Amino acid sequence: MTDPKVPDRVFARAADDAQTAKAQLSTPQTEDPAYRLAFQDMDFLLREDLRPVRFQLELLKPALVLEEANIASTFVFYGSARIPEPEKAQSLLAAATDDSSRRIAQSLVAKSKYYDVARDLARLASACPTDEAGRRQFVVCSGGGPSIMEAANRGATDVGAESIGLNIVLPHEQAPNVYVTPRLSLQFHYFALRKMHFLLHARALAAFPGGYGTFDELFELLCLIQTGKIEPIPVLLFGRDFWTRVVNFEALVEEGVVSQRDLDIFTFVETADEAWAYVRNFYSGQVGPDGRALGPIC
């Protein structure tokens, strides 16, 4: 038994010393930047030499936030920030003033159905109960932005569940969508670390039609699985027509730059029910620590 007279610690906490430092007398010495505590000195922390430290902090903070939220795994949603929900898509079409804008608006109207599909899938994933240790599984995680990302966070909100938003600082003004759980709304400076956090807890991933950002994030995952850097997880590509039109996967095989089995890394789906059934079946065949097959999840 611990003697109650023995203190838990003998050094002051950093937060306490930070407050003490603020209360110090103002002198030429205390006012000089050199005298600031290193962890309170923003000019120091933002130096080029401190980039490795900032990398470490940006890796550590989100990890601690998710750990403290008892999140064991996530269901990641990738997709365009330009595909609106169906009602707004019709407004874009009505506002089109020339053939080019009308054609683009019609294309967005056709893809706007995926807003509802993403929302439905997020509802299904968010209904997954905690595991035996009380950890949360398949917590919805998006890039925190609008459109498909908004739909994912919104679907979680529909069933009263929390969801994650991994936003990033960009030159143009932006803010997390209103459906991201505030305490799980994280902001990044480094794209590389944001992408790392997308995948560290990911146990399933849904990729909806998107542009450069979606391609960047999706193909990094495909490469990681292809090269064996991570174990396979369900990678669900929504919209076979879109994906096979913008990426000729079969041509990559014919050109000899990927193998036929590399096309098995991902699966084309169209509906939320189809996607969730695939995830359930994927994990129902897994073997637990005792060597027995695991039952269907959720």
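In this predicted model, Phe268 touches Leu237, Arg240, Trp243, Thr244, Phe249 and Glu274, leaving out residues up to four places away in sequence. Phe268 itself sits in strand β7, which covers residues 267-269. With a relative accessibility of 17%, Phe268 falls under the 20% limit and so counts as buried. Asp241 is 27 residues away from Phe268 along the chain, yet the C-alpha atoms of the two are separated by 9.5 Å.

A little further back along the chain comes Gly239, in the loop between β6 (235-238) and α11 (240-246). Loop or not, Gly239 has just 2% relative accessibility and therefore counts as buried. Setting aside residues up to four places away in sequence, Gly239 touches Tyr114, Val269 and Glu270. For a sense of scale, Gly239 and Ala23 lie 216 residues apart in sequence, and their C-alpha atoms are 60 Å apart in space.

Stepping back to the whole protein, the count comes to 13 helices and 7 strands. Taken along the principal axes, the C-alpha atoms fill a box of roughly 70 × 60 × 45 Å. Of the 298 residues, 40% are buried. Among contacts with a separation of 6 or more, 65% are between residues 24 or more positions apart. The accessible surface adds up to about 17800 Å², and carbon and sulfur atoms account for 55% of that. As for charge, there are 30 positive and 39 negative side chains, and the centres of the two sets lie 1 Å apart.

Next, the strands. Strand β1 (residues 74-78) is mostly covered, with 5 of its 5 residues buried. In a regular strand, side chains alternate between the two faces of the sheet. In β1, Thr74, Val76 and Tyr78 point one way while Phe75 and Phe77 point the other, and all of them are buried. Which strands pair with β1? One of them is strand β2 (residues 139-142), paired with β1 in the parallel sense over 3 bridges. Here Phe75 stands opposite Val140 in β2. Strand β5 (residues 202-207) also runs parallel to β1, and 5 bridges join the two. In that pairing, Thr74 stands opposite Ala202 in β5.

Strand β4 (residues 185-188) tells another story: Leu186 and Phe188 point to one face and are buried, while Ser185 and Gln187 point to the other and are not. Strand β3 (residues 164-168) runs parallel to β4, and 4 bridges hold the pairing. Across it, Asn167 stands opposite Gln187 in β4.

Now for the core. In soluble globular proteins, nonpolar side chains tend to be buried together. The largest nonpolar core in this model has 66 residues, and the ones with the most contacts inside it are Phe75, Phe77, Phe138, Leu205, Val235 and Phe238. Helix α7 (residues 113-126) gives the most to this core, with 7 residues. What does Val235 touch, leaving aside its neighbours within four places in sequence? Val235 is in contact with Leu205, Leu218, Leu221, Leu222, Ile225, Ile265, Phe266 and Thr267.

Two residues stand out for their backbone angles. Most residues other than glycine have a negative phi. Phe138, already met as a member of the core, has a positive phi of about 55 degrees although it is not a glycine. Phe138 lies in the loop between α7 and β2, and its relative accessibility of 5% is why it counts as buried. The other case is Asn70, not a glycine either, with a positive phi of about 65 degrees. Asn70 is found in the loop between α4 (51-68) and β1. Is Asn70 buried or partly exposed? At 34% relative accessibility, Asn70 counts as partly exposed.

Terms used: Residues are numbered from 1 along each chain as its sequence is written. This is a predicted model: local features need pLDDT of at least 70, side-chain atom pairs count only at pLDDT 80 or more; totals for chains, interfaces and linings use all residues. Side-chain values use heavy atoms; hydrogens and water are left out. Buried means under 20% relative accessible area, exposed over 50%, partly exposed in between (1.4 Å probe, protein chains only). Contact means heavy atoms within 4.5 Å. Accessible areas come from the Shrake-Rupley method with a 1.4 Å probe; for residues, only the protein chains shown count as cover. Lys and Arg count as positive and Asp and Glu as negative; His and the chain ends are not counted. The place of a charge is taken as NZ of Lys, CZ of Arg, CG of Asp or CD of Glu. Two strands pair if DSSP finds at least two bridges between them. A nonpolar core is a set of buried Ala, Val, Leu, Ile, Met, Phe, Trp, Tyr and Cys residues joined through side-chain atoms within 4.5 Å.
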